[in-house]
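Biologist: I would like to go through this structure with you. Could you show it first, and then we can take it topic by topic?

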Amino acid sequence: MTIPGTNETLRAALQDVNTPNLLLVLATITGDDIWLSERYAPAPIEAPEGSLFPDDSGGYSAELTSEIREQAMSILAEVREGQRSVGQAPSLTRFQQMLAFSTGEEVALETAEMLMEETRFKNRDVQWLPTLQSAVSQGKAAGFRVLIVGAGMSGLGTAAKLKEAGIAFTILEKNDAVGGTWYENRYPDCGVDTPNHFYSYSFHRNPDWSGYFSKRDELHAYFEQCADEFDIREHIQFGCSVTRMAYDEGLNTWSVSYSRGEEQHTETFNAVVSAVGQLNQPSIPNIEGLSSFQGAMWHSARWRDEDLTGKRVGVIGTGCSCVQLLPKTADRAGHTWVFQRTPHWVAPARDYYKPVEPGLIWALNHIPYYAEFHRARMILIFGDRSWPAVVVDPAWQDQSVSVNEANHAMREVLIDFVKSGLGPKQDYVPHCVPDFPVWGKRLIVDNGWYETLARADVSLVSDGIARITETGIETNNGDHHAIDVLILATGFKSNELLSPMQVLGLGGQDLAAVWGDAANAYKGTSMPGFPNLFLLYGPNTNIVHGGSIIYQIECQIHYVMQCLTLLLSNEIQALDVREEINDHYNKEVQAISGQLAWGHPRVESWYKNQSGQVINNSPFSLQKFWAVTHDLEPADYRLLKTGSNL
Ligand code: N01
């Protein structure tokens, strides 16, 4: 990395950077521990009163900040002029020490190991890539074809790795563009609620995010750009919906049927990676009279750009989608009614609409190591820091609305936020305070939710929907609300993973029947009896407490690439996870899930099935999921070879 520009460019950029992060840069370039000494130790990272998002600025005096920037100026100018080298990337133990210094918190060695990979100070692909490339160069992958179903973030990430390894693959994508959820969801204000500099592939960071929480168009553009940069477009067939896949035991291959418009096709693949996500089938509520409604009606994930000006608009649902779309919808509508079944927790967010400062963008692009440390600190600050607050403390006396002391403290903070946000409509407060623990459902990042409910032209209706009529919605108390437009922000069929595809494994067993309503998989990835079928963002992989789903997916891709390496380097045809291994794993998953906020008996959500079992969420912290997926254990699998299964 070369540093462009003049001293003035550098000086301007340094006004916008994070000082504890800058200190790590200086310590790395100079190799001098002075930058990690007591004099520069940052203040503890704490969330300002009422905010989910902590202040990590370091709390330095103006004098010290200016001194650090001046020193940084001269050191970086020397690097730019070629008078100083950029030094060495940190070793694992030094990285651990640096992160502990800059956060003022203990950082476990394993956490530092994970972050070495997330920052690419260490390339995690070395674990499989050289072996796989060697197998490819020896011709062992000749004729081997992988199918990826879906060109969203999971599919694109997998394709990047297969391409790098030289494995033949095809992506079948039902839409006419890449991006999956970020292509399909277009409702007003649709965007990410994870800090953006962490919400990107570790191997394809984006230093140019315009916002701390970017909106849908920019996220979709990122995935479009990934498809180009990974050079995988020629492998994608758009407009293709997979309908059925059946395992051929004789050949150890998958026969995959898909439709493209009116045409039906069937092709054979050696392995299938399902990258269809958990949230792509809109859930249309089963409410009496829904189909009789005569006004305009659509689901949040199938947004229609109709003019809402002056209209009477009803929105059903109060999850993330509704919260995001409500303020802009209410701005246009004549009056908006929000039909709430149960309230969700909503947390205030720092920097939610703030553009990223030009100096920070510059630093992420041009200051050596800045982007790496920035990402590592983001993951520390916005990831597992919340984990202790979601774990049930058996000694916590009243488990009815919270699971431990920290969880209860968050509840109190958020109740105050409800009260302050609702302003003149304090009568809404009892209807807006959930009776389940914080993090029982996805903690929604606020974009003006309570202020919008407090508007005179917005009404919260909590009486429960009795039926939908031709002209509106009748509630259980007999009121009828006449509306012109009905928006269904009612979520997704998240429990029907892989639907509507029919998946037939060994002995013709149907995966939908095997699962019933309790989908499960080993490490969220493999199912016994379905060899060489790998699920990304599969059962029990979703994250609730904080973090980026791209992180989870990358952990799984890393695991799948090890599976393919084992296969191809040993000339085995297929891997079938052992039933007892899967059973043991999933017993543990369920046992842990019951001890987490989202397993709480009062939580009814898209995470649970009819019998209250958590099937979508990971029971692990980010750190633990990384460890769980990091190293393939070949003995976990039956190795299938045509003619002689091992
Ligand atoms: O869906 P949801 P979503 N009658 O299932 C209600 C991610 N996401 O699209 O709470 C009446 O959360 C239902 O009521 P209840 C994120 O992971 C992320 O909003 O079950 N109401 C609920 O209020 C999120 O968790 C982002 O009682 C009915 C709502 O509809 C996931 O997607 C943005 C009903 C559905 O809420 C899903 O979020 C958007 C009925 N019959 C989404 N059926 C960001 O990153 C359902 N409801 C910002």
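Modeller: One remark before we begin: this is a predicted model. I suggest starting at the ligand, where an oxygen atom is 2.6 Å from an N or O atom in the side chain of S321.

Biologist: And what about T318, which of its polar atoms is involved, backbone or side chain?

Modeller: For T318 the polar atom belongs to the backbone, and its distance from a ligand oxygen is 2.8 Å. R341, in turn, places a polar side-chain atom 3.0 Å from an oxygen atom of the ligand.

Biologist: How much of the ligand's accessible area does the protein cover?

Modeller: The ligand on its own has 910 Å² of accessible area, and the protein covers 85% of that.

Biologist: How many residues surround it, and which are the closest?

Modeller: The ligand is surrounded by 24 residues, the closest being T318, S321, Q324, T342 and H344. By type, the shell consists of 10 nonpolar, 10 polar and four charged residues.

Biologist: Which helix gives the most to that shell?

Modeller: That is α10, residues 320-332, which supplies three residues.

Biologist: What does α10 pack on? Let us look at the sheet first, though: what is its strand order?

Modeller: The order is β8-β17-β9-β10-β13, an open sheet of five strands with parallel pairing.

Biologist: Why is one side of β8 and of β13 left without a neighbour in the sheet?

Modeller: Both β8 (296-299) and β13 (458-461) are edge strands with a single partner each, so each has one side that no other strand of the sheet adjoins. On average, neighbouring strands here are turned by 15 degrees against each other, direction ignored.

Biologist: How many bridges link β8 to β17?

Modeller: There are four bridges, in the parallel sense, between β8 and β17 (residues 485-488). One pair of bridge partners is W298 and I487, the latter in β17.

Biologist: Back to the helix, then: which strands does α10 touch?

Modeller: α10 packs on this sheet and touches β9 (312-316), β10 (335-339), β13 and β17. The direction of α10 makes about 165 degrees with that of β10.

Biologist: A change of topic: do β5 and β6 run parallel or antiparallel?

Modeller: Strands β5 (residues 253-260) and β6 (residues 263-269) are antiparallel and are joined by seven bridges. Within this pairing, W254 stands opposite F269 of β6.

Biologist: How many residues lie between the two strands of that hairpin?

Modeller: Two residues separate β5 from β6, and in the turn G261 has a positive phi of about 60 degrees.

Terms used
Residues are numbered from 1 along each chain as its sequence is written. This is a predicted model: local features need pLDDT of at least 70, side-chain atom pairs count only at pLDDT 80 or more; totals for chains, interfaces and linings use all residues. Side-chain values use heavy atoms; hydrogens and water are left out. A residue is near a molecule or strand if one of its heavy atoms lies within 4 Å of it. A polar contact is a pair of N or O atoms within 3.5 Å; within protein, one must be able to donate a hydrogen and the other to accept it, and residues adjacent in sequence count only if both atoms are side-chain atoms. Accessible areas come from the Shrake-Rupley method with a 1.4 Å probe; for residues, only the protein chains shown count as cover. Ala, Val, Leu, Ile, Met, Phe, Trp, Tyr, Cys and Pro count as nonpolar, Asp, Glu, Lys and Arg as charged, and the others, Gly among them, as polar. Two strands pair if DSSP finds at least two bridges between them. Axes are lines fitted to C-alpha atoms, for helices over the stretch in contact, and angles run from 0 to 180 degrees between N-to-C directions. Contact means heavy atoms within 4.5 Å.
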